[in-house]
Amino acid sequence: MMYSRLLVLLLVTAITGDLSFINPDGECQECSDGSGCVYIWQFCNGYNTCNNGEDEHEDLCRDYNCTEYERKCADGLQCIHEIRLCNGQADCRDRSDEDPDLCKARKCESGYVKCADGIECIYESNLCDRNKDCKDSSDEDEDMCQASTCKFGKTKCTDNHQCIYIHKICTGNIDCEDESDEDAVMCKEYQCPYHSIKCANGIECVEIDNLLDGYEDCRDGSDEDLEKWKDYKCPAGFVKCKNGLQCVSAHTMCAGGNFSPAPKCTDGSDNYTDYCSDFKCPSFFTKCPNWHECVHQSMICSGEQMCSGKSEDEQQFCKTHTCGGMMSKCDNGYQCVFDDQKCDGFADCSDGSDEDPDLCLKNRICPVGMVKCDDNVQCIYELQFCNRHPQCTDKSDEIPKTCTTDRTCPTGMSRCSNTDTMCIYDNWFCNDHQDCLNRDDENPTICLNRKKGTIGLPWLS
């Protein structure tokens with residue numbers, strides 16, 4: 001058989017494991033018949049991308065190594081993403097990804113839970129939402145749902161079965177099947193979340209950056225009442241547009257096309273070069289080399305082009321730029337990475353210096369404010385423990401037996417609330433910046449008689 005040039009190349013590289021020719025910079029490999037091009041994740045996925053089928057050729061796929069987050073089907077020819085295993089739908093042509101014996105022995109991925117049959121995995125967030133996701137309907141079992149507590153950021157409907165997101169309450173749109181989230185009597189007494197405010201009818205909550213945006217969100221149209229809102233003072237975390245009317249999130253103001261493609265300001269001032277040149281970036285954000293865009297300090301000088309303009313200008317800027325808090329320079333002298341990314345097993349510096357064997361030694365000493373993961377190599381910040389987002393590659397920072405609501409915080413830190421496992425620095429409470437996931441650190445009741453906080457790291461102040 002005469003193989004095409006692409007297929008011969010693929011066969012060789014599948015055996016050697018060298019896939020650099022396929023996708024060196026996020027680009028795709030041209031099909032030999034000119035019918036298209038193939039990205040690395042499209043090889044051996046069960047679907048012909050090239051009309052002649054060379055990207056799914058049996059000889060290629062039998063020796064092909066799936067990408068990091070993929071798994072081979074039992075036939076040895078097809079790769080599927082691991083999150084598709086045991087999800088109740090056959091993705092492998094041979095249906096081996098839903099094999100009962102395989103699925104019963106397999107542990108669900110993070111964020112997923114097993115159905116009662118012990119086979120199927122579903123999103124944990126889909127439990128008790130009044131929509132049956134498990135084939136055996138066990139995710140909506142009445143006794144289980146009545147006894148369960150809602151996950152963080154959600155609350156029970158009056159039926160004590162369904163959980164909905166807190167920000168869905170009193171929005172004018174029914175989310176609870178029993179309609180209790182839009183009960184008029186309850187909504188009259190309900191206090192809107194921080195980023196929202198009551199409509200004139202005193203019932204619905206509307207997001208602050210939707211006020212005077214040209215679209216009626218309140219059923220009574222009061223969110224577009226100029227007389228009502230023209231003198232409204234934006235709360236912390238929001239800033240006025242140039243017209244002095246609208247309030248938009250400070251994080252989206254002057255964020256540039258990469259992060260705020262659709263202007264929130266009706267006058268377009270959130271992307272005006274002249275206006276943004278004089279705009280002061282919010283906390284933890286910094287100006288780009290062009291001096292009119294704001295990006296998070298973790299994105300500037302990250303090794304990727306995040307600002308508009310020439311990449312050469314950004315790299316030159318980064319040579320003299322000071323990395324943000326909790327970050328430090330790579331050996332190349334211009335790239336910044338988070339300190340907790342050092343020695344985590346993944347090279348974040350383009351020169352690989354964050355994974356330097358001379359640095360990543362057992363028993364290495366952590367910088368100030370950081371503590372060791374169980375692997376005794378990686379260091380993460382104290383406030384990253386028990387924050388529901390694993391930072392340690394071994395996930396030792398989110399162990400349930402450690403992350404309890406009665407855990408003792410390190411010196412100079414306190415838990416966000418009595419029901420929260422996360423600890424933050426004491427000086428971060430009441431600093432007009434949300435640090436706890438549900439904004440408990442900015443609770444008006446707590447902050448009433450408390451000294452105004454700061455945003456700095458305590459060991460740097």
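**Close-up views of charged sites in a predicted model**

**View 1. The salt bridge between E204 and R219.** R219 is exposed, with a relative accessible area of 60%, in what is a predicted model of the chain. Its partner E204 is buried, at a relative accessible area of 1%, and the two residues form a salt bridge in which the closest N and O atoms are 2.9 Å apart. The pair links distant parts of the chain, since E204 sits in the loop between β9 (196-198) and β10 whereas R219 sits in the loop between β10 and α6, 15 residues apart.

**View 2. The negative surface patch that includes D217.** Four acidic residues, E207, E216, D217 and D220, form a negative patch on the surface. Among them, D217 is found in the loop that runs between β10 (205-207) and α6 (226-229). D217 counts as partly exposed because its relative accessibility of 36% falls between the 20% limit for buried and the 50% limit for exposed residues.

**View 3. The salt bridge between E227 and K230.** E227 and K230 form a salt bridge, with the closest N and O atoms 3.3 Å apart. E227 counts as exposed at 57% relative accessibility, whereas K230, at 33%, counts as partly exposed.

**View 4. The salt bridge between D420 and R388, and a salt-bridge network.** D420 forms a salt bridge with R388, and the closest N and O atoms of this pair are 2.8 Å apart. The two residues connect distant parts of the chain, with D420 in the loop between β19 (413-415) and β20 (423-425) and R388 in the loop between β18 (379-381) and β19, 32 residues apart. D420 is buried, with a relative accessible area of 1%, while R388 is partly exposed, with a relative accessible area of 32%. Elsewhere, R130, E142, D159 and E177 are joined into one network by salt bridges that share partners. The count of salt bridges comes to 11.

**View 5. P444 in helix α9, with the whole chain for context.** P444 lies in helix α9, which covers residues 444-447, and it counts as exposed at 58% relative accessibility. The C-alpha atoms of P444 and N48 are separated by 58 Å, the two residues being 396 residues apart along the chain. The C-alpha atoms of the chain fill a box of roughly 80 × 60 × 50 Å along the principal axes, and the secondary structure comes to nine helices and 20 strands. Of the 461 residues, 42% are buried, and the side chains include 45 positive and 87 negative ones, the centres of these two sets lying 5 Å apart.

Technical notes: Residues numbered from 1 in each chain as written. Predicted model: local features only at pLDDT ≥ 70, side-chain atom pairs only at ≥ 80, totals over all residues. Heavy atoms only, no water. Helix = DSSP H or I, 4+ residues; strand = E, 2+ residues; numbered from the N terminus. Buried < 20%, exposed > 50% of the residue type's maximum accessible area, 1.4 Å probe, protein only. Lys, Arg positive; Asp, Glu negative; His and termini not counted. Charge placed at Lys NZ, Arg CZ, Asp CG, Glu CD. Patch = residues over 30% accessible without salt bridge, like charges linked within 9 Å, V, L, I, M, F, W, Y side chains within 5 Å. Areas by Shrake-Rupley, 256 points an atom, 1.4 Å probe, with all protein chains shown as cover. Salt bridge = Lys/Arg side-chain N within 4 Å of Asp/Glu carboxyl O.
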